[in-house]
Amino acid sequence: MIMEIHTVTRSQRRYVSIFLLSAIVTMAFAVTHYSIPEEMEEGSVVSNLATDLGLDVKALNKRKVRLEIMANKKYLEVNKETGDLYIQERMDREILCASKTTCFLKLDAIIENPIRMFNIELEIMDINDNAPEFRRDVIHLDISESTAAGERFSLTNAFDPDVGTNSIKTYFLSENEHFAIEIQSGRDGSKFTDLILTKSLDREEQALHNLILTAVDGGVPARSGTASIIVRVLDTNDNSPQFEKESYTINLTENSPIGSLVVKLNAKDADEGSNSDIVYSFSLYTSEKTQETFSLNPENGEIRVKEMINYEDFRIYDMEIVATDKGVNSLSGKCKVRILITDMNDNHPEISIKSFTSPVKEDIAVGTVIAVVSVSDKDSGENGQIDIDISDELPFTLKESSDNYYELVVSEPLDREKVPEYDITFTVTDRGKPPLSDNETMTLELLDINDNVPQFPQSFYTIKVVENNAPGALLSSLTAHDPDLHENQYLVYFIIEKEIANTSMSMLFSINPENGNLYALKTFDYEIEKEFLFHIEARDSGVPPLSSNVTVHIIIMDQNDNTPLIVSPWRAHGSVVEEKIPRSTDKGTLIAKVIAIDTDSVHNSRITYQFLQNTDATLFSLDQYNGEIRTMRMFSYRDSRHQRLVVIAKDNGEPSLSATVTIKLSTVETALKTYADLTEVPLEYDIFSDLNLYLVIGLGSVSFLLLITILVTIVLKCQKAKPSKAAPPCRNSVISERNSTIADSTLVSNDAYWYSLFLAETRKGKLVVRQPVPKGARYIVSSIPRSTGLTETSDSAASTLQASTTTSSSSS
């Protein structure tokens, strides 16, 4: 009995065909058969089991109906309320019955009270739910391009788990001109294909073929699967190497560096692999000279310079290059290469010294030839034309003597002391483009001649020597310079002899003949010898010798070695001077004047006066510069009748020297006229008393005798020290000729005149007389004691300073 049950689920209506076979033999052998398609949704009703088995629906729950499925999973279940048999889990026929064409699921329905068992057979029917699949998505085939048409190649077949009409039905190949497929059936009904080569392949035309193989099943709608077939065409050596050109013409400059690239040949082979690997080589038609000059890289076809190329040796190189592949049956191609060498200015001009004279004397004559040179260049045309030059700063010129020969001539006087040698560089330059040049340097050495006079750094030396020097003391080093060489440079020093006061200069001074060190041979006294003037000669050792001299002026510097001498007031015995003055003396009256002289120079002979002892400091004042002692006030009855004044006269030297004088003043009551009143009396009037007149005459006589004695002594001394004609004027003097400070604070030094000063002091007045004294005068100083007479009309001067002059003879 066949029953058709229509069951509608919540989502859709499903049709299930149920075949129920009943064999009423016994209840135990009853079999219920159902057929359903696979992949039904969960909850879909297969049939009403209660109705099919004839059971009361209401008793199903009480009788505990259940299903026993002979499988790992429970795919069906019974609704105990309605009796419907429904799908509990989706069923896949390909999983349940993978390799079977039919698929049945057996189960038992068991009911208790009483127990009954029903056999149920569920047939799961196939649907086209699987598309064909290839075991490999990509199929690789290697086919040689030499394979003949008609060759067959097996392909991997596709697989479809569906059965029957839902399985693979046919195959299709993508459109192409070289391949086709042939479908064949296996014993089990499976379909597979063969790939057939319908047209010969050419790898050089197409090396790779991409095909699509499609498998289609017989379901409705039909499903399909694809696989890629990649056919790689294997190469055969069927193509020979080909050059881009059949011939090449290359221009190459001569003297190209070794290793420089000439050309890179590029042959191509349409084959691949070893069939396209190319080896380059020279053919037998390439000369050995060419192969020695150029190298060919067999791997990349580079032609490079192998050795220096000279246009003058070889101008054209021809070669034939063969390109051979590495196939089993190798093929080859050829091309011709011509290399044209381009000339360039590649030869440097050359210079050759044919004759050269060195050293030469520095006084070589202008116009003398000292060298002969020749020039040459291997190039031709302008590249071989040469210009030769030397520096314009050199005292030489070049003169062309003949073709490519030149003479080096002295053009200016030479001086070894300015330039001892010359580096003469000959520069030769051709006229090529670019020009090339070369140079040659030779050194010309000059020989010295004695043409330079020794030269002192100064023409006049002033050397100051402090008196009282030690004998043998070094005064100075008078070194001359001679720019000559060797014996022309060796100098010897001499003192040119002359006499001063009958004394030879060589007895006063000595000079080291080798180094010019000047020494003093004696001790000098500034008060006797103040300066010396002589000459020193420096002479070289050349032949003939040359010499020069220098003037030396020795100035004796004064030391403070003379103690001041007090010449006024005059002291007969000892150092005490007694004076009487009236007590009525007015303020500011000149009481006495202390005069000291110093035979040292001006600086050391400047005298200052001070009180060492003064009985009453308020009564007397002392002028520190002129030595005048004056009253500061009038005497009073309280003042002592006797006043003691001690005056010190100090010079300005270091250390200072001094002398002292003691003046004892006694005051008397006699009224006397002041010195101030006396000064108003004219000098020509008779203001002297008889006693004072006699005293002055006596003092004058004594002074005259002393003056005569000193003059005679000076004359004798000057005659003894009479200088030679070449010597400077004699200036041996007792007292300095210059810068002497004399009484009355009068400076008697002057560039034009010298003065002597007379100071006469009397009770009635004083007289100061100045008169010019010739240069070189000597001073004689004497003191005249003052009269002690006390008269109203006249008193003798306290002291008198006299100076008489004598002029020393001199010759130039």
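Start by selecting β20, β27, β26 and β23: these four strands form an open sheet in just that order, with mixed pairing. Before you go on, keep in mind that this is a predicted model.

Now colour the two ends of the sheet. β20 (247–253) and β23 (278–282) are the edge strands, and each has a single partner, so one side of each is left without a neighbour in the sheet. Look across the strands and you'll see them turned against their neighbours, by 25 degrees on average if direction is ignored.

Next, zoom in on the middle of that sheet. Select residues 316–325 for β26 and residues 332–342 for β27; the two run antiparallel and are paired over nine bridges. For a single rung to look at, pick Thr-324 and find its bridge partner, Ser-332, in β27. If you like to display hydrogen bonds, show the backbone ones here, since strands of a sheet pair through them, either parallel or antiparallel.

While you're in β27, where does Cys-335 sit, buried or exposed? Cys-335 counts as buried because its relative accessibility is 2%, and the cut-off for buried is under 20%.

Staying with cysteines, jump to Cys-97 and Cys-103. A disulfide joins this pair, with 2.0 Å from S to S. The count for the model comes to one disulfide. Turn the view to look at the S-S bond: the link of Cys-97 and Cys-103 is right-handed, with 65 degrees about that bond. Both Cys-97 and Cys-103 are buried, so hide the surface if you have one switched on.

Time for some empty space. The largest pocket holds about 510 Å³. To get there, select Phe-159, Asp-160, Asp-162, Ser-167 and Ser-190, which are the closest to its centre among the 20 lining residues. Then add β13 (158–159) and β14 (168–173), the elements that each give two or more residues to the lining. What is the lining made of, in nonpolar, polar and charged residues? Colour by residue type and you'll find seven nonpolar, six polar and seven charged.

Last stop: another open sheet. Select β36, β44, β43 and β38, four strands in that order, with mixed pairing. At its edges are β36 (460–466) and β38 (491–495), each pairing on one side only. Neighbouring strands of this sheet are turned by 25 degrees against each other on average, again ignoring direction.

To finish, follow β38 to its partner β43 (residues 531–540): the two pair in the antiparallel sense over five bridges. Click on Tyr-493, and opposite it in β43 stands Ala-538.

Technical notes
Residues are numbered from 1 along each chain as its sequence is written. This is a predicted model: local features need pLDDT of at least 70, side-chain atom pairs count only at pLDDT 80 or more; totals for chains, interfaces and linings use all residues. Side-chain values use heavy atoms; hydrogens and water are left out. A disulfide is a pair of cysteine sulfur atoms within 2.5 Å. Buried means under 20% relative accessible area, exposed over 50%, partly exposed in between (1.4 Å probe, protein chains only). On a 1 Å grid over the protein atoms alone, a cavity is a set of points where a 1.4 Å probe fits but cannot get out, and a pocket is an open set with protein on both sides within 12 Å along at least five of seven lines; lining residues have an atom within 4 Å of a point. Grid points are joined across faces, edges and corners, and a volume is the space filled by probe spheres set on the points. Ala, Val, Leu, Ile, Met, Phe, Trp, Tyr, Cys and Pro count as nonpolar, Asp, Glu, Lys and Arg as charged, and the others, Gly among them, as polar. Two strands pair if DSSP finds at least two bridges between them. Axes are lines fitted to C-alpha atoms, for helices over the stretch in contact, and angles run from 0 to 180 degrees between N-to-C directions.
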